[in-house]
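Let's take a walk through this one, starting from the middle of a sheet and ending at the place where two chains meet. Have the structure open and follow along.

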Amino acid sequence: MKTSSLLRCHEDQTEKPKLWQLRLYVAGQSPKSVAAFANLKRICEEHLAGEFEIEVIDLIENPRLAKDDQIVAIPTLVRKLPQPIRKIIGDLSDTERTLVGLNLRSSTKSGRWQ
Amino acid sequence: MTKTVTKQKASPPASLPKCPTGIQGLDEITLGGLPLGRPTLICGGAGCGKTLLGIEFLVRGALVHNEPGVFIAFEETAEELAQNVRSLGFDLDDLIKKKKLGVDYVYIERSEIEETGEYNLEGLFIRLGYAIDSIGAKRVVLDSLETLFSGLSNVAIVRAELRRLFRWLKEKGVTTIITAERGDGTLTRHGLEEYVADCVLSLDHRVAGQISTRRLRVVKYRGSPHATNEFPFLIDEGGISVLPITSLQLQHQASTERMSSGVPAMDAMLGGQGFFRGSSVLLSGTAGVGKTSLSCHAVDACCRRGERCLYFAFEESEAQLLRNMRSIGLDLEPWVKKGLLRFQVARPTMNGLEFHLTSIYKQVETFRPRLVIVDPITSFLSSGTDAEASSMMIRLVDYLKSRQITALLTNLNHAGSALEQTNVSISSLIDTWLLLQDLELNGERNRGLYILKSRGMAHSNQIREFLLTSKGIQLTEVYLGPEGVLTGSARLSQEAKEKATSVIRMRAVEGKRETLARRQQALEAQIAVLQLQFQTDKEEMERDIASEHAYVVKLDQSRDEMARSRKADYSGIQVPSKKGRK
């Protein structure tokens, strides 16, 4: 991992690779970034208990990393795994849309688990 | 930033500080370049050269003005970009390696992005900021920022962020070019001109008569005067060149230096010294009168002086011209080899007029000749309307004059058209106009040359017969006699006839003179005979008189003696009167 601020949520203590690898790009401690992280953590804990890993990348500290994941907007959440890569921008305050973005919920028939 | 201010050349006093683009012609139109440290919007339709203009701005900045630049590409990857401009001689990879250029490809695809709640474009700012800071960039190109509108659905956020971006760029003090697609009836599709209010350039690509021409216009330039016309520009292997030729004014210097036309007899006709340097000379005439041959003499003379000459041929290939000139004793090939003469051969219909003009302009700028030949200017008519061709010629003549380059233009008059008229109506611009004319007489065509006008010098008003010989062009005086102007064999036969007549006359005069002498001799002889006769008569008569007189005296004596002897009275005797002395 090339990030400086890495946060792992070890709900499950086993060392097997996590099914969900998420990366959150933020710019410093802006309210939107803080809100996005809080929202993300809440959603993951609710829907992906023990199956996720969140990496937070602060672009102010590591501006060069913005290029690799084609970051334009802040905050941006990138689902690295499972494939394919998906991007969700915004503070993740809209839980429904976040779940759709993570492909945890179909965008057409809301309320159905995938 | 302050250091670029000192770099700009020819900028008007107390004007906005400007950032020279390094693009040929653009800095002239904008009187120095783009506003320094401010954003400039370049708008135009698809394929009109926006991206290229942006790239060239950065490349010239890096190479010429030593200002590193950053290119943020929203539409193509760095590899694609490098590939696309390689044909123009721009090596982006090399510039990137030397840290003079940074290229960042920003990819936004709406279908891959889910928007949940509030966000901003800080990511773009960070990337841009990082790219600028890592090489100390002074120039930035954003191509094309409008992709943000199609990639992100929250237009309100995008607009707010764009406003912030431009403010941020200004604070950074980088000179920025933002490209945008032309909208329907508006300058840009998403109204970017609202944010970028400092300078707006519009590019255009129009097709008229199957020939396309690119044009550039400065729509606005806050705080600076600028040229307002549409200027043609072209993209060729050297990048973009804009032609600010219409902005030329009649301010060129007038040289008093003269240059030979290459034909001594013609120089003699032109006040003895030939053309003025930097003047425009027009050679007009119908097909085959020797316009090209005459031009080539001037070329030869120019190269002999060691001056460079640029020949634009629109009807013959270089090899053909060289071969044909050899037939009249002109070998131009050594000049080509020496690099003093360059031929630029093109079919006139190959390109639009503006392209021709731009390519002439470019060639002249790079080759820096003292003499330019355009043979013939009438070819331009086939690639545009009369008005366009004439406007182009005016600009060409003006341009060459302003550069103090002598222009020799040939004009092909079509049979039947008025000779003293050029098809592209530029006669009034021309300083020296030579007219080559076919003189048809007795079943043969001969060439006549005369000077229609030649500003600022005494010149001959005589028609000369123009001969193409194996030793080049010769001008001879035409026969001007009671039977009019005679040329060619008619002139020769007339001359022979005159010579014969005069010989006969000479002989007749001599004959008469001899007769006179003989008559005089005869007369003198007669006079001598008469005198001799008179002398004889005179002597005879005197003899008679003397003897008569002696007789009378003797008679008197004998009478006296008789009277004495008879003793007669002396006084009674009468002397007979008829034998008396007279």
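This is a predicted model, and a good place to drop in is strand β18 of chain B, residues 371–375, which pairs with β19(B) in the parallel sense over 4 bridges. To find the register, look for B:Leu371, which stands opposite B:Thr406 in β19(B). Now look for another partner of β19(B): strand β15 of chain B, residues 280–285, also runs parallel to β19(B), and 6 bridges join the two. Here the pair to click on is B:Val281, opposite B:Leu408 in β19(B).

So how buried is β19(B) itself? With 7 of its 7 residues (406–412) buried, this strand is largely enclosed by the rest of the structure. In a regular strand, side chains alternate between the two faces of the sheet. On one side of β19(B) you'll find B:Thr406, B:Leu408, B:Thr410 and B:Leu412, and on the other B:Ala407, B:Leu409 and B:Asn411; both faces are covered.

Zoom out for a moment. Chain B has 582 residues, and 42% of them are buried. Its secondary structure comes to 15 helices and 25 strands. If you take the contacts in chain B with a separation of 6 or more, 69% are between residues 24 or more positions apart.

Next stop is helix α6 of chain B, residues 122–135. Its 14 residues reach 20 Å from the first C-alpha to the last, close to the 20 Å expected at 1.5 Å a residue. The buried residues of α6(B) include B:Leu124, B:Phe125, B:Ile126 and B:Leu128, and also B:Glu122 and B:Arg127. Further along the helix, B:Ala131 and B:Ile132 are buried too. Just after α6(B) comes B:Gly136, with a positive phi of about 65 degrees.

That helix also takes us to the other chain. In all, 21 residues of chain B are in contact with 29 residues of chain A. Which elements of chain B give two or more residues to this side? They are β6 (113–115) and α6, and α6(B) gives the most, with 7 residues. By class, the side of chain B that touches chain A has 9 nonpolar, 5 polar and 7 charged residues.

Finish at β6(B), where the pairing crosses between chains. Strand β5 of chain A, residues 86–89, runs parallel to β6(B), and 3 bridges join them. To spot the match, find A:Ile88, which stands opposite B:Glu114.

Notes: Residues are numbered from 1 along each chain as its sequence is written. Chains are lettered from A and ligands numbered from 1 in the order in which they are written. This is a predicted model: local features need pLDDT of at least 70, side-chain atom pairs count only at pLDDT 80 or more; totals for chains, interfaces and linings use all residues. A residue is buried if 20 or more other C-beta atoms lie within 10 Å of its own, exposed if 12 or fewer, and partly exposed in between; C-beta atoms are placed from the backbone. Two strands pair if DSSP finds at least two bridges between them. Two residues are in contact if their C-beta atoms, placed from the backbone, lie within 7 Å. The expected span of a helix is 1.5 Å times one less than its number of residues. Ala, Val, Leu, Ile, Met, Phe, Trp, Tyr, Cys and Pro count as nonpolar, Asp, Glu, Lys and Arg as charged, and the others, Gly among them, as polar.
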